[in-house]
Amino acid sequence: MSQDKLRDLFHSEKLHKGNNMKVFNEVYQRISDIVDERVKMEVEAFNLKKTDDVVSEISSSRSRYYYSKILYIVNLIINKWEN
C-alpha cells in the first residue's frame, strides 16, 4: 500500500485545542506499548539478552515502522472521514 501525502493534522496547531494533547499522548503511549511488546517478542524469539547491542537497533527500527504506519492511519482518518 502506498502512502498518499496527507496533511499531518495530528501534529498540527490543533494539538493544543481542548483535550487534543491528552489524545495525542494517549496515542503515542499506545504505539509505544505496541513497539515494546514487539521488541520483547523478538528478544525472546532470538534468545537475546536485553543488554545485547542489537536490541536497541531492533527497538529503533520497530519504533520508526510502527509510529509511521499508525500515525499514517490516524491522519488518514482525520483527513478523509466524512461528517
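Which residue follows H1 with a positive phi? That residue is Asn 47, and its phi is near 55°. Keep in mind that this is a predicted model. Below is a quick tour of the two helices, the loop between H1 and H2, the aromatic rings and the largest pocket.

**Helix H1**

- H1 runs over residues 20-45, and its 26 residues reach 37 Å from the first C-alpha to the last. That is close to the 38 Å you'd expect at 1.5 Å a residue.
- The buried residues of this helix are Phe 24, Val 27, Ile 31, Val 35, Val 39, Glu 42 and Val 43.
- As for what covers those buried residues, H2 is included.
- An α-helix has 3.6 residues a turn, so residues three or four places apart point the same way.

**Met 21**

- Met 21 sits in H1 and comes out as partly exposed, with a relative accessible area of 31%. The cut-offs explain the label, because partly exposed falls between buried, under 20%, and exposed, over 50%.
- Not counting residues up to four places away in sequence, Met 21 touches Leu 15 and His 16.
- Met 21 and His 11 are 10 residues apart along the chain, and their C-alpha atoms are separated by 9.8 Å.

**The loop between H1 and H2**

- Asn 47 is found in the loop that joins H1 and H2.
- Most residues other than glycine have a negative phi. Asn 47 goes the other way: it isn't a glycine, yet its phi is positive, about 55°.
- Asn 47 has 70% relative accessibility, so it counts as exposed.

**Helix H2**

- H2 covers residues 53-80. At 1.5 Å a residue its 28 residues should span 40 Å, and the end C-alpha atoms are 41 Å apart, which agrees.
- Buried in H2 are Val 55, Ile 58, Tyr 66, Leu 71, Tyr 72, Val 74 and Asn 75.
- These buried residues of H2 pack against H1.

**Asn 75**

- Asn 75 is part of H2 and has a relative accessible area of 6%, so it is buried.
- What does Asn 75 contact, leaving aside its neighbours within four places in sequence? The partners are Leu 6, Arg 7, Asp 8, Leu 9 and Phe 10.
- Two of those partners, Leu 9 and Phe 10, turn up again in the lining of the largest pocket.

**Aromatic rings**

- Searching the whole structure turns up 5 aromatic pairs.
- One of them is Tyr 28 with Tyr 67: the ring centres are 5.2 Å apart and the planes sit at 35°, so the pair is tilted. The tilted label applies because stacked needs planes under 30 degrees apart and edge-to-face needs over 60.
- This pair links distant parts of the chain, with Tyr 28 in H1 and Tyr 67 in H2, 39 residues apart.
- Tyr 28 is partly exposed, at a relative accessible area of 25%.
- Tyr 65 and Tyr 66 form an edge-to-face pair, 5.2 Å centre to centre with 85° between the planes.
- Within that edge-to-face pair, Tyr 65 is partly exposed at 46% relative accessible area, whereas Tyr 66 counts as buried at 18%.
- Phe 10, Phe 24, Tyr 28 and Tyr 67 make up one aromatic cluster.

**Tyr 67**

- Tyr 67 lies in H2. Setting aside neighbours within four places in sequence, Tyr 67 is in contact with Tyr 28, Ile 31, Ser 32 and Val 35.
- Among these contacts, Ile 31 and Val 35 are also on the list of buried residues of H1.
- Tyr 67 and Glu 26 are 41 residues apart along the chain, and their C-alpha atoms are separated by 13 Å.

**The largest pocket**

- The largest pocket has a volume of about 190 Å³.
- Its lining consists of Leu 9, Phe 10, Ser 12, Lys 14, Leu 15, Asn 20, Val 23, Phe 24 and Ile 78.
- By type, the lining residues divide into 6 nonpolar, 2 polar and 1 charged.
- Which helix gives the largest share of the lining? That would be H1, with 3 residues.
- Phe 10 and Phe 24 appear in the lining and also belong to the aromatic cluster.

Terms used. Residues numbered from 1 in each chain as written. Predicted model: local features only at pLDDT ≥ 70, side-chain atom pairs only at ≥ 80, totals over all residues. Heavy atoms only, no water. 1 Å grid on protein atoms, 1.4 Å probe; cavity = no way out; pocket = protein on both sides within 12 Å on 5 of 7 lines; lining within 4 Å. Points joined across faces, edges and corners; volume = space filled by probe spheres on them. Helix = DSSP H or I, 4+ residues; strand = E, 2+ residues; numbered from the N terminus. Nonpolar A, V, L, I, M, F, W, Y, C, P; charged D, E, K, R; others polar. Phe/Tyr/Trp six-rings, centres within 6.5 Å; stacked < 30°, edge-to-face > 60°. Buried < 20%, exposed > 50% of the residue type's maximum accessible area, 1.4 Å probe, protein only. Contact = heavy atoms within 4.5 Å. Expected span 1.5 Å × (residues − 1).
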